[in-house]
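Here are a few notes to help you find your way around this structure. Keep the view open beside you and take the points in order.

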Amino acid sequence: MRRVRAHLLAGTLSLVLGTGRLARGDPYRLSIDAVGYSQAPQSPVGLLVLQGDGQANRWADAEALAWTGSTTGNYDVLTAMVRLHDPRNFAELRLGRQILTVGALRPVHMDGADVRLRAPTGTSVEAFGGVPVEPQFAYRAYDWMAGGRVAQHLGPTTSIGVSYFEQRADGQLSYETAGVDLASAPARWLDLAAHGTYALIDPGLAEAGGSVAARFGDFRPEIYVTHRAPSYLIPATSLFSALGDTPSDVVGASMKWRMFPRLDVLPLIAVRDTAGEVGLDGTLRATLRLDDRGEGAVAVEGRRQGSGPDQWTGIRVTTRVPITARVRCSTELELVAPDDPRGRGSLWPWGLIALRWVPIRSLEVAGAVEAASTPTATREVNALARLGWNWGTR
Amino acid sequence: MKRLTLLLLLTLMLAACAEILGIRPPEKRPFPHHEHTAKAGIGCLKCHAGVLSSTDADPLHLPTTATCVSAGCHEKPHDSRDCRGCHGLDYVRTEAQADLDHLKFTHATHSRRLKDNCAFCHRGVETNSDHVRPTMGLCLSCHEHQEDFGQARTCNRCHKDIRGEQVRPESHVAHDGDWLREHGNRAFSAPELCQSCHTDKYCAGCHGRTTPALPEKLKFDDTLRAGVHRAGFVSRHSLEARTQPGLCSTCHTTSEFCETCHAKSGVDVSSGGKSPHPQGWVGLRGESNDHGSAAWRDPSVCAACHTGAGESLCIGCHRVGAMGGNPHRPGWTSRMRPTIDQPCRSCHE
């Protein structure tokens with residue numbers, strides 16, 4: 001197993017490093033970031049992230065991200081994938097570690113293969129199979145997943161799809177779901193999207209959602225609904241899935257308003273019904289851009305979670321101010337007040353001040369100090385640092 | 001006198017507000033195209049010489065101080081400094097360079113078709129010189145974008161490298177409103193649209209099982225970056241989990257995820273921490289017994305700690321004939337084989 005892991009990691013690193021050489025002349029990106037975090041009261045941690053993606057030619061592209069941490073044996077691969085396709089993307093084969101977003105199914109992290117075929121009639125078919133990603137390649141026998149989606153475009157602005165997914169743990173079904181998704185933009189100012197996922201093992205509606213958004217000049221109103229049954233989100237092999245359907249439903253509305261050329265305001269209100277308990281959640285966010293391009297900005301957000309057993313109120317103020325063309329200062333302050341502190345302090349403040357310096361196009365240096373008073377520590381101070389280097393196009 | 005001072009102060013405050021909110025243009029003025037074209041009647045090519053035959057391999061055709069002087073208009077500049085130091089906004093040049101770097105565009109092709117009518121694309125250049133760069137929406141008034149994308153599922157027809165360009169769409173799929181909540185609903189139906197700009201690494205940054213650190217922790221200096229786990233999330237994560245049932249389970253599927261962190265920070269029972277459950281959590285019939293309603297409300301929270309051996313704690317009471325009774329909801333059915341599959345076989349022998 002150790003040899004397999006070593007080979008997989010070596011393969012990923014060659015893919016990351018090979019991307020740049022492979023894609024000479026075509027767009028590619030390769031970067032390395034070193035991040036340090038003091039992480040009080042635990043030991044400091046360090047992280048080295050190496051990532052690359054590029055296009056070898058019109059038929060192939062690749063991407064990979066590998067990382068290693070400061071603690072012994074702490075390494076992993078986030079993605080390592082080769083994508084082979086015809087220049088017009090009628091057929092596509094994705095091989096390796098990837099994230100799949102297939103119809104109404106939640107994104108899954110998989111080591112395997114994904115095939116997509118698309119007909120000029122607007123019909124598309126996708127099928128995938130592989131093993132679920134386990135940290136540090138600690139695969140288990142008889143764990144696998146498979147699924148697919150069939151979709152049809154109805155005109156240039158509407159798409160409808162049906163999907164299926166199953167996952168097995170130790171050979172036994174742990175998830176089996178079918179989903180339907182729909183998206184449409186019937187007018188230039190109107191967007192509609194909806195999805196529903198039905199659990200097939202313990203039959204019931206696992207997740208559903210819908211959103212209608214419109215755009216009228218400086219206003220963008222949106223109405224949305226969500227339905228989520230947590231018992232279907234845990235594997236069917238867990239005892240807690242046997243409790244049955246316990247849904248949480250939300251109906252909400254938001255309205256983005258460009259009040260002034262540089263000021264956006266977004267109020268959001270939602271009613272949540274969880275097992276018969278009804279509560280109100282609300283957010284009010286305002287973003288003021290300090291220049292036309294929004295490089296510098298100040299944002300204020302007030303939030304009230306008035307549903308459920310642990311209600312709370314919070315406010316967050318963030319700033320991002322370019323001091324010179326190469327230096328940028330950012331701050332963030334958050335205050336959270338739980339309705340029932342239960343002896344954990346009545347106010348939980350959190351603050352950060354950060355500086356970023358880009359001395360040359362490829363190099364980026366950043367440092368920050370964050371301080372907080374948390375439910376578990378009266379005072380906590382952390383230092384963060386990042387050093388990044390980029391090659392290729394940005 | 002007092003009234004006058006007050007009026008003056010009010011006027012100053014309004015002017016300052018107008019400046020901040022972008023109602024007034026900033027102090028550094030855009031290049032006065034209006035003065036040159038509409039008023040002085042100077043043609044575009046006098047300053048942007050050669051632009052009509054330029055391709056995307058040529059440099060930008062922006063005038064320099066030498067152009068202004070040698071054209072015979074500003075033979076005696078009022079200042080010895082570079083004209084561009086005061087006239088013209090920096091970002092207009094940056095955007096023009098970015099377009100040259102990233103777009104498959106030639107002035108040569110367009111000028112032939114448009115019969116050298118620059119103002120067709122550079123709309124309003126003769127009156128307003130701030131935003132002379134055509135928007136993508138304007139490109140789409142001629143180019144059949146939906147058709148192009150629909151045919152090849154790629155933006156390569158116009159964009160050389162859209163991922164490297166890191167452009168945020170203005171005219172379509174604008175990431176507007178509460179996009180963090182909304183993005184999933186949109187991505188379900190159009191993953192290929194998302195993938196035209198975002199790589200799998202981008203999605204896996206939050207949805208992956210081997211994420212090195214959350215994007216907001218890696219890019220800690222970009223405080224305006226959207227993220228679920230922003231700011232003091234560690235402090236408020238228990239509040240968020242309880243107010244939004246199942247939210248955590250949509251990404252975090254294993255109990256080890258919670259246990260690893262709780263064990264390190266000493267807040268779980270097995271590492272000597274206090275039990276998170278209040279008094280009266282588990283009681284006999286007729287006594288305070290809150291754990292049942294909490295489990296109905298969000299079983300995924302219970303599953304975060306009580307998996308594996310922890311499940312036997314529940315089964316001790318909750319089985320037919322035992323004190324806790326049948327744990328299933330009325331009408332509950334399953335395709336599981338009761339005596340073979342987990343977790344059924346724990347009770348159904």
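1. Start with chain A. Please bear in mind that this is a predicted model. Of the 394 residues in chain A, 49% count as buried. Its secondary structure consists of 1 helix and 22 strands. Along the principal axes, the C-alpha atoms of chain A fill a box of roughly 55 × 50 × 50 Å. The accessible surface of chain A is about 17800 Å², and carbon and sulfur atoms account for 65% of that.

2. Now turn to chain B. Here the secondary structure is 18 helices and 0 strands. Chain B has 349 residues, of which 29% count as buried. About 21000 Å² of chain B is exposed, with 61% supplied by carbon and sulfur atoms.

3. A word on contacts within each chain. Taking contacts with a separation of 6 or more, residues 24 or more positions apart make up 37% of those in chain A. For chain B, the corresponding share is 53%.

4. Charges in chain A deserve a quick look. The chain carries 41 positive and 40 negative charges, and the mean positions of these two sets lie 8 Å apart.

5. Next, the place where the chains meet. The size of an interface is often given as the accessible area lost when the parts come together. Chain B and chain A bury about 10100 Å² between them, and 55% of this is on carbon and sulfur atoms. Phe188(B), Lys201(B) and Phe220(B) together supply 8% of the area that chain B buries against chain A, more than any other three residues. In all, 143 residues of chain A and 100 residues of chain B take part in the contact.

6. How many salt bridges cross the interface of chain B and chain A? The rule finds 18 there, while the structure holds 46 over all chains. One pair to look up is Lys201(B) with Asp53(A), whose closest N and O atoms are 2.9 Å apart. Lys201(B) sits in helix H12 (residues 200-207) of chain B and Asp53(A) in strand E2 (residues 45-57) of chain A, so this pair joins two chains. Both Lys201(B) and Asp53(A) are buried.

7. A second pair is worth finding too. Glu182(B) and Arg220(A) form a salt bridge through their side chains, at 2.9 Å from N to O. Because Glu182(B) lies in helix H10 (residues 179-189) of chain B and Arg220(A) in strand E13 (residues 219-228) of chain A, the pair joins two chains. Glu182(B) and Arg220(A) are both buried. You can also look for Arg335(B) and Glu176(A), whose side chains meet in a salt bridge at 2.5 Å, N to O.

8. Some salt bridges link up into a network. Its members include Asp61(A), Arg83(A), Glu92(A), Arg94(A) and, from chain B, Asp200(B). Within chain A, the side chains of Glu92(A) and Arg83(A) meet at 2.8 Å, N to O, and both residues are buried.

9. Finally, a single residue to zoom in on. Val251(A) belongs to strand E14 (residues 248-260) of chain A. Is Val251(A) buried, exposed or partly exposed? Its relative accessibility is 47%, so Val251(A) counts as partly exposed. Leaving aside residues up to four places away in sequence, Val251(A) touches Tyr224(A), Val225(A), Ile269(A), Ala270(A) and Val271(A). The C-alpha atoms of Val251(A) and His227(A) are separated by 9.0 Å, with their positions 24 residues apart along the chain.

Technical notes
Residues numbered from 1 in each chain as written. Chains lettered and ligands numbered in written order. Predicted model: local features only at pLDDT ≥ 70, side-chain atom pairs only at ≥ 80, totals over all residues. Heavy atoms only, no water. Helix = DSSP H or I, 4+ residues; strand = E, 2+ residues; numbered from the N terminus. Buried < 20%, exposed > 50% of the residue type's maximum accessible area, 1.4 Å probe, protein only. Contact = heavy atoms within 4.5 Å. Areas by Shrake-Rupley, 256 points an atom, 1.4 Å probe, with all protein chains shown as cover. Lys, Arg positive; Asp, Glu negative; His and termini not counted. Charge placed at Lys NZ, Arg CZ, Asp CG, Glu CD. Buried area = accessible area lost by both parts, 1.4 Å probe. Salt bridge = Lys/Arg side-chain N within 4 Å of Asp/Glu carboxyl O.
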